[in-house]
Amino acid sequence: MKSTFSTIFYLKRQAVKNDGTVPVMGRITVDGTQTQFSCKITIDPKIWDTKSGRATGRSTAALEANRMLDGIRVRIRQHYQEIVERDNYVTAEKVKNAFLGLEHRCHTLMKVFAQHNEDYARQVEAGMKSVRTLWKYQIVYRHLQSFLQERYHISDIALKELTPAFISDFEMYLRTVKHCRTNTVWLYVTPLRTMVFIAINNEWLVRDPFREYELQKEPTTRGFLTREEISLLMNGKLKNAKQELYRDLYLFCIFTGLSFSDMRNLSEENLRTYFDEHLWIRINRQKTGVESNIRLLDIPTRIIEKYRGLCADGRIFPVPHYTTCVYGIRTVAKRCGITKHLTWHMSRHTMATEICLTNGVPIETVSSILGHKSITTTQIYAKITKEKLNRDMDNLSMRLNNIEEYVSAAI
């Protein structure tokens, strides 16, 4: 629907200057809403025609004033048309701000988001960031595009127009239109918060629209393989060499805690032999940049020796595409009698839970192996298995039996 738009000029007669002239003001009206501004022009009220909003006569002052007013009217009309074509949503205030140079035209949400994604993609190419995180940002960018079009019928929105209501509307869109659950909504709203932080840090945005917004993640049960399932995976009879590769790569991640991307990028440069004469992995995690130092156990050492030298680019393993590996390990798991729905990240869960914590490795050490920035992140992985609980209670029982006050108590 087309907006009603007009620009008129009038005199601010109560503000008379020393020379008898008064300021000329402008009023922009869009769909019944109005806003005023100063034209930075003064004129003798005797030559002003209130009805036409122009100076009368052929004097130099009248002709110059009308020339300047015509220029103002043309520029305001141009800004109005640009905003209509760009945003499909126009207000009198937006037109005035554009005319006065107060509108941050390049500082819109989708432009900031697009620039962020371009910069992030370069970091991915340089091996500094995770490609899967880039995918997440790209997905959220597309969701925001469709949300703006469906909800507001615009292709972009100025940063200063972001409000708490906008964020709530986006959350509702994800839930009702995209059918996302709470944790997925949380995952998709977080990149939007990142864009707001970028805008605030660059002083493009003064007010934080997230200041009163809160969305809590729901607790989830993170799966892992048990000792029996790891044994099934290790000893299962596989169909061909490809399945064997999927199985070996997955086991390597189970016994090292490396993510898929870090395992794929593992090279000879990351292998070190220290004073203890054991082989170690020293690698900066692609996702966080945190350094991980992992001493190789027997199983991952044998897997390395099995594939060492097959890649011409210095990498240790000939790793297929991520999706291929995920489907491949699920086929292998089914063949080995494992009924769980495997994800590649489950290998890190298994390392933290079944390999380390169950066998008495302190959580601080597990956090270092996994390359976490905070031990709070590691606690999410820390499952108390029944086997570990039973072993800990046995140790407690033995210690209590050695304390004389408890043993000799008359109960």
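Let's start with a sheet: three strands sit in the order β1-β2-β3, forming an open sheet with antiparallel pairing. At its edges you'll find β1 (5-11) and β3 (33-43), each of which pairs on one side only. On average, neighbouring strands here are turned by 20° against each other, direction ignored. Keep in mind as you look around that this is a predicted model.

What holds strands together in a sheet? Strands pair through backbone hydrogen bonds, and the pairing can be parallel or antiparallel. For β1 and β2 (residues 22-30), the antiparallel pairing runs over seven bridges. If you want one spot to look at, find Phe-9: its bridge partner in β2 is Gly-26. A helix joins the picture too, since α2 (residues 92-100) lies across β2 and β3. Helix α2 runs at about 30° to β3.

Now zoom out for a moment. The protein chain has 16 helices and eight strands. Of its 411 residues, 41% are buried. Take the contacts in the chain with a separation of 6 or more: 58% of them come from residues 24 or more positions apart. As for the outside, the chain exposes about 23500 Å², and carbon and sulfur atoms supply 52% of that area.

Next up, the rings. How many aromatic pairs does the structure hold? There are 16 of them. Take Phe-210 and Tyr-213: their ring centres are 5.7 Å apart and their planes meet at 80°, so this pair is edge-to-face. The cut-off behind that label is an angle over 60 degrees.

Are these two residues buried or exposed? Phe-210 is buried, with a relative accessible area of 3%. Tyr-213 has a relative accessibility of 12% and counts as buried as well. Both labels rest on a cut-off: buried means under 20% relative accessible area.

Elsewhere, ring pairs link up into a cluster made of Phe-147, Tyr-152, Phe-166, Phe-170 and Tyr-173.

Rings can also have a charge sitting over them, and here are two cases to find in the structure:

| Charged residue | Ring beneath the charged end | Distance to ring centre |
|---|---|---|
| Arg-27 | Tyr-10 | 4.5 Å |
| Lys-136 | Tyr-137 | 5.4 Å |

The Arg-27 case takes us back to where we began. Tyr-10 carries the ring under the charged end of Arg-27, and β1 covers residues 5-11, while β2 covers residues 22-30.

Methods
Residues numbered from 1 in each chain as written. Predicted model: local features only at pLDDT ≥ 70, side-chain atom pairs only at ≥ 80, totals over all residues. Heavy atoms only, no water. Phe/Tyr/Trp six-rings, centres within 6.5 Å; stacked < 30°, edge-to-face > 60°. Buried < 20%, exposed > 50% of the residue type's maximum accessible area, 1.4 Å probe, protein only. Lys NZ or Arg CZ within 6 Å of the ring centre and 35° of its normal. Pairing = 2+ DSSP bridges. Helix = DSSP H or I, 4+ residues; strand = E, 2+ residues; numbered from the N terminus. Axes fitted to C-alpha atoms, helices over the stretch in contact; angles between N-to-C directions. Contact = heavy atoms within 4.5 Å. Areas by Shrake-Rupley, 256 points an atom, 1.4 Å probe, with all protein chains shown as cover.
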